[in-house]
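Please find below my notes on the model, set out as numbered points. They can be read alongside the sequence and coordinates.

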Amino acid sequence: MSQLNGALLTGGSADFFNSTSTSLEFTNYSEKGCFIFEMVKYYNDLGFHYPLWATCLGFELIHVCANISKNTVSNVNGEPSYIHNVELTHKIEDSPIFRHRDGDRIAHYLERR
């Protein structure tokens, strides 16, 4: 991964956990995807801008990797497993993505949602 400038987790269809296991045992897909997720976090923690783009199933995988919990994606009645408000801090000004944007305008936009 050190020779790449970012990572992409695509959509598709795959299980996150082995259905035959009584514990939270990752499938091969989740194990490899979480390795990529952890490497992206590692590079960013070192100060390198290393973006991760995730679509559909890949986005769900990020949540599974971050939480290591079946509850992350296991709702069965159509309701979200959890809801959190996005809280922007002043660190947004240091973000490679947002540092050239007007933080007040972004915050104002998010408050209207």
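1. Leaving aside its neighbours within four places in sequence, which residues is Thr27 in contact with? The model is a predicted one, and in it Thr27 touches Asp15, Phe16, Phe17 and Asn18. Thr27 itself sits in the loop that runs between strand E1 (7–9) and helix H1 (28–45).

2. Thr27 is buried, because its relative accessible area is 12% and the limit for that class is under 20%. The picture for Thr27 is thus a buried residue in a loop, in contact with Asp15, Phe16, Phe17 and Asn18 once sequence neighbours within four places are set aside.

3. On charged pairs: how many salt bridges does the rule give? The count is two. As background, side chains of opposite charge can pair when their charged atoms come close.

4. One salt bridge joins Lys41 to Glu38, with an N to O distance of 3.6 Å. Both residues belong to helix H1 and are three residues apart, which is about one turn of the helix. Lys41 is partly exposed, at 37% relative accessibility, and Glu38 is also partly exposed, with a relative accessible area of 38%.

5. A salt bridge is also formed by Lys32 and Glu31, where the closest N and O atoms are 4.0 Å apart. The cut-off for a salt bridge is within 4 Å, so I would quote the 4.0 Å distance whenever the Lys32 and Glu31 pair is mentioned. Lys32 is partly exposed, with a relative accessible area of 47%. Glu31 is likewise partly exposed, at 45%.

6. On cysteines: the structure holds one disulfide. Cys34 and Cys65 form it, and their sulfur atoms are 2.0 Å apart. The pair links distant parts of the chain, since Cys34 lies in helix H1 and Cys65 in helix H2 (residues 57–67), 31 residues apart.

7. Is the disulfide of Cys34 and Cys65 left-handed or right-handed? The torsion about its S-S bond is about -90°, so the disulfide is left-handed.

8. Cys34 and Cys65 are both buried. Cys56, by contrast, counts as exposed, because its relative accessibility is 54% and the exposed class begins over 50%.

Key: Residues are numbered from 1 along each chain as its sequence is written. This is a predicted model: local features need pLDDT of at least 70, side-chain atom pairs count only at pLDDT 80 or more; totals for chains, interfaces and linings use all residues. Side-chain values use heavy atoms; hydrogens and water are left out. Helices (H or I, at least four residues) and strands (E, at least two) are DSSP runs, numbered from the N terminus. Buried means under 20% relative accessible area, exposed over 50%, partly exposed in between (1.4 Å probe, protein chains only). Contact means heavy atoms within 4.5 Å. A salt bridge is a side-chain nitrogen of Lys or Arg within 4 Å of a carboxyl oxygen of Asp or Glu. A disulfide is a pair of cysteine sulfur atoms within 2.5 Å.
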